[in-house]
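I opened this notebook to record what I looked up about the cysteines and the ligand site. The entries follow the order in which I worked.

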Amino acid sequence: MDEKDDISHESTPLVKGSPRGKFWHWCKTHKLIVIPVVVMILLLPLLGLLALNKQHARADYTSPIIYPSPQGYGAGNWTDAYTKAHAMVSEMTLEEMNNITLGVVDGSTGCVGVSGSVPRLGFPGFCLHDAGNGVRNTDGVNAYASGLHVGATWNTSLAYERAVFMGAEFKRKGVNVALGPVVGPIGRIAEGGRNWEAFAADPYLDGILGAQSVRGLQQSVIASVKHFVAYEQETNRNPIAGEDNTTQSTSANLDDQTMHELYLWPFQDLMYAGAGCVMCSYNRINNTYACENSKTMNGILKGELNFQGFVVSDWAGQHSGLSSANAGLDMAMPTSGYWDKNQLANAVNSGDFNKTRLVDMATRIIATWHQFGQNETGFPALGVGMPPDLLAPHNYTDAKDPAARSSLLQQAIEGHVLVKNSNNSLPLNRPKVLSIFGYDAISQSMYNPDGTGLFKQDWEVLSLNSQQGMDIGSNAPVENPPQTAQGVLYVGGGSGSNTPAYISAPYDAIQARAYDDGTAIFSDFTSNEPAIVASSDACLVFINEYASEVWDRPGLADSKSDNLVSHVASTCNNTVVVIHNAGIRLVDAWIENPNVTAVIFGHLPGQDAGRAVAQILYGDVSPSGRLPYTVAKQASDYGKLQSACQAKDSKDPTSPQCNFDEGVNVDYRNFLAQKIRPRYEFGYGLTYTTFDYSNLNIKINATASANNTVLAPVYTNGTTDQNSKTDGVSNGGLQSLFDSVGSIQATIANTGKVAAAEVSQLYIQIPASYLNAKNPRTQVLRGFQKVTIQPGDSTTVTFPLRFKDVAIWDVVRQAWVIPVGEFKVFVGKSVLDTPLEGTFST
Ligand code: BGC
């Protein structure tokens, strides 16, 4: 448009010389400036709308700010420890307080983290070390059964015993804080890389076994319960620095009810058990990093759950200075560029940071030290048995207790789950000829410290290619990670791995049997199409499913191993498959082949893998493990809960979003909600006998609290007066949540010919709709009892119920309430096999 046209369209001719006219004249002569400005002005509202829209999308998933951070005050049995801590911290300078809140790297020990110390006042600092399955990366230690394996045992006393022995090893090695147990991830996604570190894809089972582990570990050391909270995938677990921008960690977006009824649930049990330390996780929760999330740390953990110990960051999981401190982080590991060089002390002096918080951080750390008697003489020197380099001369500290041996073996045995046994293929009966196949039947070909002087029973032994190594170095998702590992898979990879003094492989143990029975053994551990001796009474195939910290698994079965099984089964009509699986492993490629007569999920048994599986194969003991997760018929049955959320699927790929909109319906609840029949359901497992259930007896005296107008939470969720409202509140929060509301009983008879342990399970369907309306509320595990019964005998099992077991989280009242209505009760052998059913009403 030229000037003439422009004027001709004006309705009111402009008078040259008037201010308005001058303005228009100026505009016409400065078009280059005016046009972009006008365009900008016109676009502004649109940009605003877009921004609002984006904000709105985010607004669904923002984490509320909860300040100030509740101060530890010595609740419950922490009173003495706080008295001593107050006395000690009152003598510290601000700089000394600051110093103990972060790690120092001095390289003199093999501890994965060492905190600052105050030698002047006698505080030597802490050695913090991995992990939940035993002491990692050193000599003279045992490899205990991994978390998932313990989950498969469903044995609470064994979980306790395991932790007692494990804790004592940490202590002998001079470790103050054992970085475990793991109750997050829970196992939201089937391919989750760290699902094997926790016990079960169910909060109740996780909570019970995790609490036992805390009690056991804390006989000797401080347990650091991890990873808090909603840390459900490895993919994008840490920020990735790019040239133009940083890709943030994935945000776990979840509602308050899902938080309480699923992800927080086990943590509360572990806090009730008195855990001294909690590790905040790498992920973001509703778009705020876990280690600077004031809602989860101040509001929930220190407020609602009344946690008296200290919160440590996952390694390099701290992303801010004062924000993380104000949000409730007490210690940053393994170092901190945000808190070092007296930054917190200086901030107090300049008035930017409240001194009360710094004092509370130091007090929580020192109180925990006192609470677990580590101030007493006799506690081993920091990291004393943890040499930084095993190849260099060092004093060998044998941390193993011979008394642990029978427990180690028992743990290994009880986590095996027999899922198929046709034609009574198992137990083996003095076979004349056995053929053994598979890369998992033998020990690792290399089990030795590498060039760095440390063991690497983790991803390094798997010969990753250089690109994968670079991906790990930069936190980028690892492409095509390995799904199997050479050698019997007795533990998964990463910081949860461990390095036992010996490894018993299946082949070793079966060879010893061959000696006793006069069996001839043929074997091939390398070929994927081995030749098969026709006289074989049975063909044993050992395969595995590897998983590691840092990446999520690329699938739920690998075709190479499946082909090996199918190949053997094509010739051998008594093919027995054992899978050492670090997570869910599908079997549908060959499970219906009639020549595959028996299948065992062997999980991650620890150092006695071979010895344990031999006892089951030969029938010295009847299998007693049950699945702590759901095995589907096909991967797609998990739906969106099969794989990790990917950054590229988010609107803004630099801010990956993962919406947990399935609510509490993960694993078996997802299958119940979707009405999909799995291959092997949660709780399932066979043994060498049969059990009958009878006499359901429901003795519940729960009264509905849903309509109770006087009921109000005794705690105030993270508000400033949290510390003055402590009636009925102690470790783990409101104590009445753990009060008994009665029990349910059943009689179980062993109707077969051999002794065996049954894992009886109680599921309850709570009569309340779920806030997340599109997700139905399914029955949930609320009790289990493992009992050994002799053939012909019967026994009565009792499932005690706590208030919280029959309650739901009321988001509006911020309280657990027992709803009004009829509760359905299911008792039996698995979530889908419950011969006893009944009801009770509130
Ligand atoms: C893991 C933690 C572990 C820590 C120290 C982190 O990468 O997520 O579980 O305790 O390293 O090794």
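**Entry 1: the Cys111 link.** I began with the torsion about the S-S bond of Cys111 and Cys127, which is about -105°, so this disulfide is left-handed. The two cysteines belong to distant parts of the chain, 16 residues apart: Cys111 lies in the loop between helix 5 (94-99) and strand 1 (113-114), and Cys127 in strand 2 (residues 127-129). I note that helices (H or I, at least four residues) and strands (E, at least two) are DSSP runs, numbered from the N terminus. The S to S distance for Cys111 and Cys127 is 2.1 Å; as a disulfide I accept a pair of cysteine sulfur atoms within 2.5 Å.

**Entry 2: basis of the values.** The model is predicted: local features need pLDDT of at least 70, side-chain atom pairs count only at pLDDT 80 or more, and totals for chains, interfaces and linings use all residues. Residues are numbered from 1 along each chain as its sequence is written, and side-chain values use heavy atoms, with hydrogens and water left out.

**Entry 3: burial of the first pair.** Are Cys111 and Cys127 buried or exposed? I used under 20% relative accessible area for buried, over 50% for exposed and partly exposed in between (1.4 Å probe, protein chains only). Cys111 has 11% relative accessibility and therefore counts as buried. Cys127 is at 0% and so is buried too.

**Entry 4: the Cys280 link.** I then looked up Cys280 and Cys291, which are joined by a disulfide with an S to S distance of 2.1 Å. This pair also links distant parts of the chain, 11 residues apart, with Cys280 in strand 8 (residues 277-280) and Cys291 in the loop between strand 10 (288-289) and helix 11 (294-304). The torsion about the S-S bond of Cys280 and Cys291 is about 110°, so the disulfide is right-handed. Cys280 is buried at 0% relative accessibility, and Cys291 is buried with a relative accessible area of 1%.

**Entry 5: the Cys539 link.** The sulfur atoms of Cys539 and Cys572 are 2.2 Å apart and form a disulfide. Cys539 is in strand 15 (residues 538-545), and Cys572 is in the loop between helix 18 (559-571) and strand 16 (575-581), 33 residues away in the chain. With 100° about the S-S bond, this link is right-handed. I found both Cys539 and Cys572 buried.

**Entry 6: the count and an unpaired case.** The count of disulfides comes to four. With the bonded cysteines numbered in sequence order, I read the pairing as 1-2, 3-4, 5-6, 7-8. Why is Cys277 not bonded to Cys280? The closest cysteine sulfur to that of Cys277 is in Cys280, at 9.3 Å, which is too far for a bond. Cys277 has 0% relative accessibility and so counts as buried.

**Entry 7: the ligand.** Which residues come nearest to the ligand? Of the 14 residues around the ligand (each with a heavy atom within 4 Å), I list Asp130, Arg194, His227, Asp314 and Glu549 as the nearest. I next looked up the polar contacts, meaning pairs of N or O atoms within 3.5 Å. Side-chain N or O atoms lie 2.7 Å from a ligand oxygen in His227, 2.9 Å in Tyr282 and 2.8 Å in Glu549. Taken alone the ligand exposes 310 Å², of which the protein buries 94%; these areas come from the Shrake-Rupley method with a 1.4 Å probe.

Methods. Polar contact = N/O pair within 3.5 Å; in protein donor to acceptor, adjacent residues only side chain to side chain.
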